[in-house]
Amino acid sequence: MLTIEDLTVRYGEHSALDGIDLDVGDDEIVCVLGPSGSGKSTLLRAIAGLEPPTGGRILRDGTDLTGVPTHHRELGLMFQDHSLFPHRDVVGNVVFGLQMRGVSRSEARARASTTLELVGLAGYELRAVHELSGGEQQRVALARALAPAPSLLMLDEPLGALDRSLREHLVDELGVLFRTLGLAVLLVTHDHDEAFALGDRVAILHAGRIEQVGSPVELWTRPATAFVADFLGWNVTRALAPGLSAVRPDALRLEAATGRPVSGMGAPAIRAPVMRGMITRQTFRRDHWRIQVELADGTALGVELRDTRPPELGTAVEVTVDPADVIALPD
Amino acid sequence: MTDPARPVGVAVLVAVPVAFLVAFFAYPVATILGRGLWPSGRLDLSPLGDVIGDAALRDVAWFTVWQATLSTVLALAVGLPGAFVLARYRFPGRSLVRALIVVPFVLPTIVVASAFLALGVEPSLGAILLAHVFFNYAVVVRTVGGLWAHLDPHQEQAARVLGASRVRAFTQVTLPALRPAILAAASITFLFTFTSFGVILVLGGPTRATLETEIYRQTAQLLDLRTAAALSILQLSAVVGLLVVVGRFQDRRAVALGLRATAVTARSVRSLAERAWLGANLALMLTLLGVPMAVLVARSFATANGPGFGFYRALGELRSGSVLFVPPVDAVVNSVLFAMVATAISLVVGGLAAFAVVRHHRGRMLEAALALPLGVSAVTVGFGFLIALDKPPLDLRTSWIIVPIAHSLIAIPFVVWLVTPLVRSIDPRLRETAAVLGASPHRVWREVDLPIVGRAFAIAAGFAFAISLGEFGATLFIARPDRPTLPVVIYRLLGQPGALNFGAAMAASTILMALTVVAILTAERARVGDIGTF
């Protein structure tokens, strides 16, 4: 169990991390999701002891890690750029951590081969790392981090450098692997799909602070702050309720100003707040249309339309929403 | 040809440097070797046997090797921490320090030697080693630091997380990654100290000799061309052998390193220990590099009647009984004029060569060939000029142009090393884009290649100028007595007894140093980022 208490990292005036509280259970996968510059990497570096914290504590099973040097923390860390050692071959990379722990040569080789098999690289032992594809390098980096059986595996944007189809494939693989091994994992990413697909819990990081922690479903259905709602693609606006509120783009209904419904989802039960506006933008996204409606007061709302073609640009429309879909946010 | 990748025929790029090298290096050196080994039209290798059989000359060879080895080890030991500090720590004045430490490297050997004399260092082995470290500190810092600044710090951090202590992470991850640069710095330093001339002549005292000074003595004082030729062959074989071995080793060691922009890898100094480490290194740089230069300047003003310009005024006079034929101040004018011409020649020949090195399939060979003059005794080259270039069409023996040509031989390899990385860095897609946008091959060259490489040319010009200002070994031979350069005048003054001569030598050294510093700092201003080794 890793516990982070009130962790702060400051560079001069600037706070990279500002009072972080977070814990990772023994076989739990926690994903930290945030835009670039939110402090994700700093968090991992502080846990690894690569970044001296300005305040707060990091505990493992109740023991304070503050004075423990990086190389005695027994963690695994995988960088986005893999950072494989270019002068060592594949097995040379994977045995590195075992060598540092004094594991005998033959045992280290055997464990490295087992780990390589685990990540699907059986037989790659003697390959040079620069001959490998991006996906293969990523697996070697994973094997290198896994081989010494770390108490916590940390991954910094592990799939960021890979192309989309490979990434989706690997997300599934990683999820299965982590759960089979029963590992404690802390993964940071800016990619929603990655975080929600892998995490038992997801923490949203913004400007060095955790905005919200919860299960993927909780976060996805009940964003707690304006930042989280906006980051997850909700409309955050004052146009729907007296205060600040959020609504998902697929919860909004469009009707032509004449009163004929254009949404294929049937007429909404409650037509409570009706907003008039005009379609100013429309883009096709694989399985839906994304429409932007500009209201009379200038507010732009994003609307998702499925199973139907949207009206022409410039068409006057009425936007309706079920009040149950509107979430009030703190101002 | 409309291929935008080849704006000028590659053949022309190769032809000019090769012709220059053949006419002004291969031919004179071959001539002087011929004089020694073909004395009467028949090959006579007995001088080689005589040299090897001569115990005194064997001692000279042995001393040459081990003082160079020791100098190299010391330069690495002192330079590596400096390389780390300048590569990895961000602190105010870092780029200035980086620029300033290059100054000793291009300072004339004769100035450095007199600086150590001014410090009160007696001629000794220690003095030689100290001067060699002074010279080559920048070679280590710039060569190794250049790579270090681009190494991905994540690799070392990954090793730390995997359980490696700081020391093990350094020896197991960073050191192997730095190996090519350390090897390069070591071989450059070894090369320079192996062929060291001015330092040995002034700081070695009468008993210590290297192959280089021995070649000078045999040629100029004993007029024994056979022995000089044999020694030159020994020296050249050693140098070529070293270059071949290093080249092989480098190729085998070449690994694709994950390099990063320096902006990402450098960080500010945080802990007290890091502050102390940075401070210690800066203090070392200041002491090792700054003090000798400061003392030199101070001594040039310390006349018998207190501080003043007496020694500088003495440079304007031609005293009776002097070994000089002209007032020393004339040498300033000569030096600057020669340096300007040498710079022009080096930029044209070296610039063409840099493009040839990148774009010709045998480019690496040309690069190696152009570096040869650095490994051949400057004295041999100088004497070869006098013997070989005495009949039309190359009857240059009495012409002043012979001096800048000899200087360019030394400067061209530096121009190539500075310009080549930038030529290599030009993304072919840039040229293709320009061509697609309608630029003719000539326009592509003018609008894309030249602006990108232009800055490197500015830096190279500064180095060529400084190298020409400081060249001593060949100039001592070929400069006409009535057109001496500053280093020659300083050497002559140091050879004369009396406080006035010594003071005048300090004053001339100060002027030479000032000219060099101005040239280098002007060049460094044009440097953007840190592409290029020196």
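The exercises below, each with a worked solution, concern a predicted model.

Residues count from 1 along each chain as its sequence is written, and chains are lettered from A, with ligands numbered from 1, in the order in which they are written. Local features need pLDDT of at least 70 and side-chain atom pairs count only at pLDDT 80 or more, while totals for chains, interfaces and linings use all residues.

**Exercise 1. Chain A overall**

Task: Describe the extent, content and division of chain A.

Solution.
- Step 1. The C-alpha trace of chain A spans about 80 × 45 × 30 Å along its principal axes.
- Step 2. Chain A has 9 helices and 18 strands; these are DSSP runs numbered from the N terminus, helices being H or I over at least four residues and strands E over at least two.
- Step 3. Of the 331 residues in chain A, 40% are buried. A residue is buried if 20 or more other C-beta atoms, placed from the backbone, lie within 10 Å of its own, exposed if 12 or fewer, and partly exposed in between.
- Step 4. Among the contacts in chain A with a separation of 6 or more, 62% join residues 24 or more positions apart. Two residues are in contact if their C-beta atoms, placed from the backbone, lie within 7 Å.
- Step 5. Chain A splits into domain 1 (2-227) and domain 2 (236-328), with bounds that come from an automatic or database domain assignment. The C-alpha centres of domain 1 of chain A and domain 2 of chain A are 40 Å apart.

**Exercise 2. Strand β8 of chain A**

Task: Which residues point each way from β8(A), and which strands run parallel to β8(A)?

Solution.
- Step 1. Strand β8 (residues 185-189) of chain A has 5 of its 5 residues buried.
- Step 2. A:V185, A:L187 and A:T189 point one way, and A:L186 and A:V188 point the other way. In a regular strand the side chains alternate between the two faces of the sheet.
- Step 3. Strand β3 (residues 29-33) of chain A runs parallel to β8(A), joined by 5 bridges. Here A:L33 stands opposite A:T189. Strands count as paired if DSSP finds at least two bridges between them.
- Step 4. Strand β7 (residues 153-156) of chain A is also parallel to β8(A), through 4 bridges, and A:M154 stands opposite A:L186.

**Exercise 3. An open sheet in chain A**

Task: What is the strand order of the open sheet of 5 strands in chain A?

Solution.
- Step 1. The order is β13-β17-β14-β15-β16, with antiparallel pairing.
- Step 2. β13 (252-256) and β16 (300-305) of chain A are the edge strands, each pairing on one side only.
- Step 3. Between neighbouring strands of this sheet the average turn is 45°, direction ignored.
- Step 4. Within the sheet order, β14 and β15 are adjacent. Strand β14 (residues 274-285) and strand β15 (residues 288-295) of chain A pair over 8 bridges, and A:G277 stands opposite A:L295 in β15(A).

**Exercise 4. Classifying A:P216**

Task: Why does A:P216 count as partly exposed?

Solution.
- Step 1. A:P216 lies in helix α8 (residues 216-221) of chain A.
- Step 2. A:P216 has 18 C-beta neighbours inside 10 Å and therefore counts as partly exposed.
- Step 3. Beyond its neighbours within four places in sequence, A:P216 is in contact with A:F196, A:G199 and A:V202.
- Step 4. A:G199 is 17 residues from A:P216 along the chain, and their C-alpha atoms are separated by 7.2 Å.

**Exercise 5. The two domains of chain B**

Task: Which helix gives the most to the side of domain 1 of chain B that touches domain 2 of chain B?

Solution.
- Step 1. Chain B is divided into domain 1 (10-25 + 309-374 + 402-529) and domain 2 (46-300), with C-alpha centres separated by 21 Å.
- Step 2. The contact takes 27 residues from domain 1 of chain B and 22 residues from domain 2 of chain B.
- Step 3. On the domain 1 side, α17 (363-375), α21 (441-470), α23 (486-494) and α24 (499-525) of chain B each supply at least two residues.
- Step 4. α24(B) gives the most, with 13 residues.

**Exercise 6. Contact between the chains**

Task: How many residues does each chain bring to the contact?

Solution.
- Step 1. Chain B brings 20 residues and chain A 19 residues.
- Step 2. On the chain B side, α8 (153-161) and α9 (166-194) each supply at least two residues, and α8(B) gives the most, with 7 residues.

Methods. Axes fitted to C-alpha atoms, helices over the stretch in contact; angles between N-to-C directions.
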